[in-house]
Amino acid sequence: MKLLRNSFIVCLLAAFLPMVAQNVEISTPGMSLLLKANVGENLKFVYFGERLSDADAASLREVEPARYDAYPAYGLNCPAEAAIAVRHADGNMTLDLKVSAVETDAQSDFTTTRIALRDREYPFAVTVCYKAYKTVDIIETWTEIVNSEKRPVLLNRFASAYLPIRRGEVWLSSLYGQWANEGRLCEEPLNPGMKVIKNKDGVRNSHTAHAEVMFSLDGKARENSGRVIGAALCYSGNYRLAIDTDESDWHHFFAGINEDNSTYNLQSGETFVTPPLAITYSNEGASGASRNFHKWARNYRLANGNRLRKILLNSWEGVYLDIKEPEMHQMMDDIASMGGELFVMDDGWFGDKYPRIKDNSSLGDWVVDRNKLPNGIDGLVAKAKSIGIDFGIWYEPEMSNTVSELYEKHPDWVIKAPKRDLQLGRGGTQVVLDLANPKVQDFIVGLFDELMTKHPGIDYVKWDANMDIRNHGSNYLTADSQSHLYIEYHRGFEAVCKRIRAKYPSLTIQACASGGGRANYGVLPYFDEFWVSDNTDALQRVYMQWGTSYFFPAIAMASHISATPNHTTFRSVPLKYRIDVAMSGRLGMEIQPKNMTDDEKALCRSAIAEYKQIRPIVQLGNIYRLVSPYDNKGLASLMYVDDAKQKSVFFWWKTEHFYNQHFPRATMAGLDPAKLYRVHELNRIDNEPLPFEGKTFSGEYLMNIGLEIPYNHNLDWHKRTDLSSRVLYLEAQ
Ligand code: DGJ
């Protein structure tokens with residue numbers, strides 16, 4: 001049977017070609033997904049992984065029995081896990097989905113394949129969609145579920161996708177954590193039973209587990225070799241990823257919206273579109289899969305993904321809620337004098353009747369507190385412009401406090417179960433606005449628009465969200481659609497984001513949610529970056545940023561130099577180390593500079609200047625993780641290499657400090673073996689240059705043998721520190 005190639009459009013209608021066999025191949029430069037889509041039969045999964053030659057694909061099709069449905073439905077194979085399960089209005093709990101049409105549409109950057117499935121008896125259809133990119137190894141897959149029955153159909157299960165993965169020695173890499181400890185890497189073998197990774201926060205979905213995973217097919221994942229499948233659910237709300245390792249030879253991976261307390265009444269004529277699952281494959285280990293995600297993110301999924309980010313100072317850890325005009329001016333002067341490009345005023349600037357003095361009031365009352373800022377936002381913007389930097393502002397538009405003018409005016413706009421007391425969050429008064437309600441959506445869009453129209457000089461917005469949905473109830477949704485609350489909240493949130501982005505496409509917007517609660521590919525089309533964590537302790541950040549880098553590029557990971565002892569962990573970390581960790585992401589500062597010494601400011605000034613040189617390599621380059629902090633070797637190391645393999649930045653951080661300790665030598669990766677690279681240390685604090693300063697080495701040498709990095713800094717006795725770190729810039733000659 002001839003393979004269906006992506007370069008032309010085919011549409012087969014069951015009515016005209018009742019039993020046409022159809023082999024579907026969905027491919028990217030390095031991956032193939034093979035399906036069997038015989039019209040009138042179930043859609044079958046055949047293969048996913050390394051790109052196959054035509055000959056191998058044809059042979060594989062002959063020998064592979066195509067055991068599993070590509071989107072298994074509940075009811076006619078009850079013991080198996082299903083991607084979709086429904087109850088028709090007549091009580092029938094089954095679906096019998098058969099292929100009715102296959103359609104491909106080739107665009108310049110990607111090809112979309114849509115495979116329509118229809119129930120044999122009920123006018124109920126599911127279209128399984130695949131968007132395969134032409135220059136990056138990512139396929140996005142999702143479904144469109146259409147109810148053409150006369151009455152509503154209840155959706156009990158509605159995964160975005162299902163993927164069978166052959167058993168062998170498959171290990172799972174996933175992220176877990178909690179507030180101030182986000183993005184921790186967990187690596188485990190997949191054993192018999194059900195492994196579920198889920199979120200039920202309602203608003204923020206990446207503090208604890210993440211909606212992205214990797215499967216290493218060859219045992220515990222290695223960074224730069226081995227076969228790895230990656231998957232990222234592009235959704236901002238509650239999710240559920242489940243891997244069923246049953247009695248068969250296969251692991252069964254399902255990913256989608258978390259259906260718990262979210263059954264969906266699909267009305268007659270309504271279409272339910274599931275969020276995309278982005279899947280990738282690499283034979284270059286976990287770092288290879290990360291590079292695929294990062295490239296796709298920068299080119300297709302992240303707002304302004306290829307625009308270099310500005311170096312900023314954020315006011316939060318410097319002054320917290322104690323915003324005052326003179327301090328704002330002083331902080332702007334300080335960051336400008338250190339070479340920074342942007343100042344962001346965080347929480348605490350607003351509230352008229354109820355000024356935001358503590359965190360227990362004022363959210364929703366987005367008017368300037370004139371007692372704190374007599375010259376308002378315009379005064380601050382003017383100050384910033386006068387010293388050549390940009391100005392940004394914090395706000396938290398999805399939230400209110402019961403102590404606010406907004407709540408007094410619209411108590412019905414908050415999420416609350418009828419006949420129950422309000423469940424209150426931060427400060428004992430915080431509540432979540434009901435984004436299912438179009439009036440609330442209009443309010444948020446309106447206030448954003450007003451802020452930007454009144455103050456067009458605002459260059460950056462930090463969009464925060466500091467509460468979960470604790471009490472299930474919407475004043476807007478009808479009684480029989482209360483179970484839609486979580487889904488409608490995120491539909492409302494996305495609708496708001498789309499409207500804002502349509503008008504302000506080039507504004508920089510940070511997704512913050514009590515730290516790293518919104519690191520997900522559901523929000524990133526509308527946000528330029530996210531706040532990795534409220535924990536800015538550089539040592540703990542090595543672990544958190546390492547995990548987060550599995551799926552997200554450095555350009556999106558806000559990483560700030562903060563004070564010591566750290567305000568969360570109370571650990572004292574040398575400034576050089578804090579700088580060297582922050583420079584591996586989107587560099588910023590989160591500190592009161594007036595408490596820094598002149599020497600410290602000078603070190604930051606030179607680091608900012610050096611970061612400007614390497615910014616394109618870090619923010620737009622390719623990551624190669626080298627030594628994992630999770631392997632407990634006492635150090636962590638990674639590097640970024642530009643596309644041309646001409647320039648690279650190598651990071652090396654000690655993660656513990658003992659006298660006479662023995663570290664492995666970190667060998668590099670991703671360089672051109674034949675090129676000669678000159679080595680130059682950045683942020684040098686040592687009295688003497690490193691022995692290899694200014695010397696050239698071949699890429700082959702650096703990757704096979706590596707450089708011997710001294711364990712400690714060579715400093716005058718009274719300046720010595722414990723944790724040491726190095727940043728090396730390599731440039732091909
Ligand atoms: C939580 C954020 O993560 C912090 O950075 C800060 O913006 C506070 N909210 C402000 O309330």
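This is a short tour of a predicted model, stop by stop.

**Stop 1: the ligand**

Select the ligand and its surroundings. The shell holds 13 residues, and the closest are D346, D347, K462, D464 and D534. Colour the shell by class: six residues are charged, four are nonpolar and three are polar.

Now show the polar contacts. Start with D346, where an N or O atom of the side chain sits 2.7 Å from a ligand oxygen. Move to G515. Here a polar backbone atom is 2.8 Å from an oxygen atom of the ligand. Then pick W531, which places a polar side-chain atom 3.4 Å from a ligand oxygen. Switch on the surface next. On its own the ligand has 290 Å² of accessible area, and the protein covers 98% of that.

**Stop 2: helix α8**

Select residues 485-503, which form helix α8. Does the length of this helix fit the expected span or depart from it? Its 19 residues should span 27 Å at 1.5 Å a residue, and the end C-alpha atoms are 27 Å apart, so the two agree.

Colour α8 by burial. The buried residues start with L485, Y486, I487, E488, Y489 and H490. Further along, the list continues with G492, F493, V496, C497, I500 and R501. Keep C497 selected for a later stop.

**Stop 3: helix α2**

Go to residues 285-301, helix α2. This helix has 17 residues. From first C-alpha to last, α2 reaches 22 Å, close to the 24 Å expected at 1.5 Å a residue. How many of its residues are buried? The count is 14 of the 17, so α2 is largely enclosed by the rest of the structure.

**Stop 4: the cysteines**

Show the cysteine sulfurs. How many disulfides does a search of the whole structure find? The search finds zero. Take C512 as a case. The closest cysteine sulfur to its own is in C497, 14 Å away. A disulfide needs the two sulfur atoms within 2.5 Å, so this pair is too far apart for a bond. C512 is buried, with a relative accessible area of 1%. Select C129 as well: this cysteine is buried too, at 0% relative accessible area.

**Stop 5: backbone details**

Select T564 and P565. A cis peptide bond joins them, with omega at about -5°. P565 belongs to the loop between β30 (557-562) and α10 (575-582).

Next, find S362. This residue is not a glycine, yet its phi is positive, at about 85°. S362 lies in the loop that runs between β23 (342-345) and α5 (376-386). Is S362 buried or exposed? It is buried, with a relative accessible area of 0%.

Then jump to N632. Its phi is also positive, about 55°, although N632 is not a glycine. Look for it in the loop between β32 (622-627) and β33 (635-641). N632 is exposed, with a relative accessible area of 63%. Put S362 and N632 on screen together: S362 is buried, whereas N632 is exposed.

**Stop 6: a distance across the model**

Finish at A106, in strand β6 (residues 97-106). At 33% relative accessibility, A106 counts as partly exposed. Draw a line from the C-alpha of A106 to that of A221. How far apart are A106 and A221 in space? The C-alpha atoms are 34 Å apart, with 115 residues of separation in sequence.

Conventions:
Residues numbered from 1 in each chain as written. Predicted model: local features only at pLDDT ≥ 70, side-chain atom pairs only at ≥ 80, totals over all residues. Heavy atoms only, no water. Buried < 20%, exposed > 50% of the residue type's maximum accessible area, 1.4 Å probe, protein only. Near = heavy atom within 4 Å. Polar contact = N/O pair within 3.5 Å; in protein donor to acceptor, adjacent residues only side chain to side chain. Areas by Shrake-Rupley, 256 points an atom, 1.4 Å probe, with all protein chains shown as cover. Nonpolar A, V, L, I, M, F, W, Y, C, P; charged D, E, K, R; others polar. Helix = DSSP H or I, 4+ residues; strand = E, 2+ residues; numbered from the N terminus. Expected span 1.5 Å × (residues − 1).
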